[in-house]
Amino acid sequence: MQSLLFTPIDLRGVRLRNRIVVAPMLTYAAENGYAQDIHTIHYGKLAYGGAGLVMVESTKADPRGASTPRDLGIWKDDFLPGLTKIAETIKTYGAAAGIQLGHSGRKARRSVPWEGREPLASHPGLDRGEEWELVAPSEIAHSNGWFMPRALSIADIEELIEGYGIATERVMKAGFDVLEIHGAHGYLMHQFLSPIANQRTDKYGGSDENRMRFALEVVDRVRESWPEDKPLFLRVSAVDEGGWTVADSARVARAIKAHGVDVIDCSSGGMTPGGSVVTSGGPARYGYQVPYAEYIRKHADVMTMAVGLIIHADQAEAILQSGQADLVALGREMLNNPNWPMDAATKLGIEDPYSMVPPLYAYYLQKRTQADFGGRPSTWRESIETAWAASDNTD
């Protein structure tokens, strides 16, 4: 059986060397929106390990939309040098460079996770030190203990949509290959889609069609500035705690595909504090969100990306072989093992798995795995254990 995990895939005019994607994960390392050296090191390391696509974290086209004071920004040209360096580094090591555009809406202005991820009563704005205003579709706080946002006016919405378009132009200038719009996890686009967060009575609220309007108009504006030969992803919460269903997401996916989205990135949850949907009602299990990718792929006739506790090589391969998704995304597992693609290739019996990493790593890692002790190939661990057993180890 030919591995699909390590078969290249063409997305419009962009070829990924394999189907392994590094999921967008916030690093909370920016300074007033500016990328730092740690971003280049971090994303370069993930590309170095052999992934097909490295997706840079949620980057904000509007400073009000930052989740924390440490989010990356793309709301002005000043950010381009840092973002360009990240994209160039990713591509130097053979991966495609992707970036996610997001806006946190009423969930903005929080402390970083290791400081509690708590809503901040006030904080200087990230652009010019102006007051950091919370905005959302409706004047409804995320939950008790969260702060009330201002409901966006029609003019505000139009300005935000244009901001996505201008940010897309900067993404293009920075040299990224793939663009993803963040429409999940209780953030702004998800808020517009949700009837519990969006209680507007104008053309952006009420009916399913009206609540979908913001997402469609953002996609249309992004597609105006994003080249026809480059793919566009949309991340969705396929289900959430507020009653949103995978059938609702499939309906959105069908509509959004017609507006130029190529891949639906299928996550879940986020509409309530600490919310994470697990269909079993218990703790998250391996691949617990994969069925959402399968359902949307089947019912919306669109390519999907599966994400969520995808850990093992054979698990990732099975997702693709069974037609549940077209791509698999790994997050924390990649942090644990940045060389996961090479490791997966070894376990799946892919020919010359060490060719996936640069020669510096390939040379030493191959020696580590296949060392010659007494004429017999052995793993380092086996060799050490054999030597230990043969020694006088009575101490």
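A residue is taken as buried when its relative accessible area is under 20%, and by this criterion Phe214, at 0% relative accessibility, counts as buried. The structure considered here is a predicted model, and the description begins with its aromatic residues before turning to a helix, a loop and a group of strands.

The structure holds 9 aromatic pairs. Among them, Tyr34 and Phe79 form an edge-to-face pair, with the ring centres 4.6 Å from each other and an angle of 70° between the planes. Tyr34 belongs to the loop between strand 3 (20–22) and helix 1 (37–48), whereas Phe79 belongs to the loop between strand 5 and helix 2 (80–92), so this pair ties together parts that are 45 residues apart in sequence. The two partners can also be described by their accessibility: Tyr34, at 31%, counts as partly exposed, while Phe79, at 3%, counts as buried. Another aromatic pair, that of Phe192 and Phe214, is stacked, with a centre-to-centre distance of 4.3 Å and 15° between the planes. This pair links distant parts of the chain, since Phe192 lies in helix 4 (residues 188–193) and Phe214 in helix 5 (residues 208–225), 22 residues apart. Phe192 is buried, with a relative accessible area of 1%, and Phe214 is likewise buried, at 0%. Both residues take part in a cluster in which ring pairs link Tyr164, Phe192, Tyr204 and Phe214.

Helix 2, which follows the loop that holds Phe79, has 13 residues that should span 18 Å at 1.5 Å a residue, and this agrees with its end C-alpha atoms, which are 18 Å apart. Its buried residues are Leu80, Leu83, Thr84, Ile86, Ala87, Thr89 and Ile90. These buried residues pack against helix 1, strand 4, strand 5, strand 6 (96–102) and helix 3 (154–174). After helix 2 comes Gly94, whose phi is positive, near 95°.

Asp62 is located in the loop between strand 4 (53–60) and strand 5 (72–73). With a relative accessibility of 9%, Asp62 counts as buried. Its side chain makes a polar contact with the side chain of Arg64, at 3.0 Å, and a further polar contact, also at 3.0 Å, with the side chain of His103. When neighbours within four places in sequence are left aside, the residues in contact with Asp62 are Trp75, His103 and Leu160, so that His103 appears both among these contacts and as a polar partner of the Asp62 side chain.

In a regular strand, the side chains alternate between the two faces of the sheet. Strand 13 (residues 327–330) has Leu327 and Ala329 pointing one way and Val328 and Leu330 pointing the other way, and all of these residues are buried. Strand 13 pairs with strand 3 in the parallel sense over 3 bridges, and within this pairing Val22 stands opposite Leu330. Strand 13 is also joined by 3 bridges to strand 12 (residues 303–307), and these two strands run parallel; here Met305 has Leu327 as its bridge partner. The chain passes from strand 12 through helix 8 (residues 313–321) to strand 13, forming a β-α-β crossover that is right-handed.

Conventions:
Residues are numbered from 1 along each chain as its sequence is written. This is a predicted model: local features need pLDDT of at least 70, side-chain atom pairs count only at pLDDT 80 or more; totals for chains, interfaces and linings use all residues. Side-chain values use heavy atoms; hydrogens and water are left out. Helices (H or I, at least four residues) and strands (E, at least two) are DSSP runs, numbered from the N terminus. Buried means under 20% relative accessible area, exposed over 50%, partly exposed in between (1.4 Å probe, protein chains only). A polar contact is a pair of N or O atoms within 3.5 Å; within protein, one must be able to donate a hydrogen and the other to accept it, and residues adjacent in sequence count only if both atoms are side-chain atoms. Contact means heavy atoms within 4.5 Å. Rings of Phe, Tyr and Trp (its six-membered ring) pair if their centres lie within 6.5 Å; planes under 30 degrees apart count as stacked, over 60 as edge-to-face and the rest as tilted. Two strands pair if DSSP finds at least two bridges between them. A crossover is right-handed if, with the strands pointing away from the viewer, the path from the first strand over the helix to the second runs clockwise. The expected span of a helix is 1.5 Å times one less than its number of residues.
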